[in-house]
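Student: Could we go through this structure together, asking each time how we know what we say?
Tutor: Gladly; let's look at it first.

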Amino acid sequence: MSSHLEYVLRIGDNALILGQRLSEWCGHGPVLEEDIALTNTALDLIGQSRLLLGHAGKLEGRERDEDALAFLRAEPEYRNCSLVELPNHDFARTILRNLLFSAFQVYLWDALRASTDLELAAIAARSIKEARYHLRHAADWTVRLGDGTAESRARMQAALDYLWPYTAELFTANAVDDDAATACIGVTGASLETAWQQAVRPVLEEATLAIPARTPFRSGGKLGIHTEHMGHLLAEMQHLQRAHPGAQW
Amino acid sequence: MLTEAQAWGVLQQVPDPEIPAVSVCDLGIVRSVQAQPERLTVVITPTYSGCPATEVIQATIREALEQAGAQPVHVETRLAPAWTTDWITPKAAAKLSAWGIAPPHTAAPSETQVLRFVPPAPSCPRCGSRESERLSQFGSTACKALYRCRACREPFEYFKPI
């Protein structure tokens, strides 16, 4: 697989898998307005994944369209970071994951607007507008829940302690990022870390949450080495298309 | 075969499927029309990445132009430049308001303040009061937020600047 294709797949799979996780909230939100917010966010992400996977299919040149890539790959072929495949667990963890991820996305999309891959640049210019609203929504709730009741703060702190180690993967140096940066197709995750910290830390501090120390932890979703949760997610996401190949409605 | 001017006339009658008070031209979704001898090409730009109306709009545009005599019709989707609410004309904004949706009243933001921000306060499309409060940043569609007027107590949707 070329670095260019792999770079695009990582971004597309992040959108696809987080879109899948957030859509699990449909009908189960704590209040109607948040059910709508999470599913609208999922819709934006799924739309982005369609554009990205459609583009990846063309780069791959094996006649796989967005549906084939979304629904018919095997687990090790997905290139999403592990952070997005983790179970939602509760509203606190869902919101905090959205904060950590959408802050990253805003800076990634901003940088990709200058990509020499013009399709990727166009997708970036479109998607950054949506990511800004996702970030604002997540930051708002992070502060309200973190600096909230004893229960809400406990849940938010537990969410932060659980999710924080998985964010390291967003910034780890790797050959695909380096190749993409050299070719001016993309930027390395590492180059976004400072901006991400500057965006996320003030929100967590305002939310009176304790930011965990960085401890040695490695997650490998970007390399196709997924957590134990990915198989269950794919079973649910793929079973219709696998049971009825080519189904349309 | 239709001329470009005739094609634009047809397109101005094609309503947005979610907000039939405005046309796909009013919202700046139709970007260009080119009448070539061999076909008519319409370029559209989708509003939001996941907007489910995009495919309906494509089909409706093709159908409307074919019924008006254009043959063949090619509808092309172009992502760049990205769609923005800045393309909604003042006339279209007035139509939105009359329909009960508060139009975007500021330009599309180029960055977003996430801490201690004050949500925008659109005027209530029913009574005109500026005493509105935001119920949800997201509404019945991706492009709208949900507000309530504190004066007349009615809820209304707000077209988010993007």
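Student: What makes the link between the side chain of A:Asp90 and the backbone nitrogen of A:Ala92 a polar contact?
Tutor: A polar contact is a pair of N or O atoms within 3.5 Å, and within protein one must be able to donate a hydrogen and the other to accept it; residues adjacent in sequence count only if both atoms are side-chain atoms. The side chain of A:Asp90 reaches that nitrogen at 3.3 Å, so the pair meets the distance limit of 3.5 Å.

Student: What should I keep in mind about where these values come from?
Tutor: This is a predicted model, where local features need pLDDT of at least 70 and side-chain atom pairs count only at pLDDT 80 or more, while totals for chains, interfaces and linings use all residues. Residues are numbered from 1 along each chain as its sequence is written, chains are lettered from A and ligands numbered from 1 in the order in which they are written, and side-chain values use heavy atoms, with hydrogens and water left out.

Student: Why is A:Asp90 called buried or exposed?
Tutor: Buried means under 20% relative accessible area, exposed over 50%, and partly exposed in between (1.4 Å probe, protein chains only). A:Asp90 has 12% relative accessibility, so it counts as buried.

Student: Where is A:Asp90 found, and what is it in contact with?
Tutor: A:Asp90 is in the loop between helix 3 (66-71) and helix 4 (91-112) of chain A. Helices (H or I, at least four residues) and strands (E, at least two) are DSSP runs, numbered from the N terminus. Contact means heavy atoms within 4.5 Å; leaving aside neighbours within four places in sequence, A:Asp90 is in contact with A:Trp25 and A:Arg155.

Student: What makes a set of residues a nonpolar core?
Tutor: The set holds buried Ala, Val, Leu, Ile, Met, Phe, Trp, Tyr and Cys residues joined through side-chain atoms within 4.5 Å. The largest one here has 75 residues, and A:Leu96 and A:Trp109 have the most contacts inside it. Helix 4 of chain A gives the most to this core, with 13 residues. A second, separate core of 35 residues includes B:Ile29 and B:Ile61.

Student: How do you know that helix 2 of chain A has a span close to the expected one?
Tutor: The expected span is 1.5 Å times one less than the number of residues. Helix 2 (residues 32-60) has 29 residues and reaches 41 Å from its first C-alpha to its last, close to the expected 42 Å. Just after helix 2, A:Gly61 takes a positive phi of about 70 degrees.

Student: How do you know that strand 4 and strand 7 of chain B pair?
Tutor: Two strands pair if DSSP finds at least two bridges between them. Two bridges join strand 4 to strand 7, which run parallel, so the pair meets that minimum of two. Strand 6 and strand 7 of chain B are joined by five bridges and run antiparallel.

Student: Why are strand 4 and strand 5 of chain B at the edges?
Tutor: The four strands form an open sheet in the order 4-7-6-5, with mixed pairing. Strand 4 (101-102) and strand 5 (132-136) each have a single partner strand, so one side of each is left without a neighbour in the sheet.

Student: What makes strand 7 of chain B largely enclosed?
Tutor: Four of its five residues (155-159) are buried, so the rest of the structure largely encloses strand 7.
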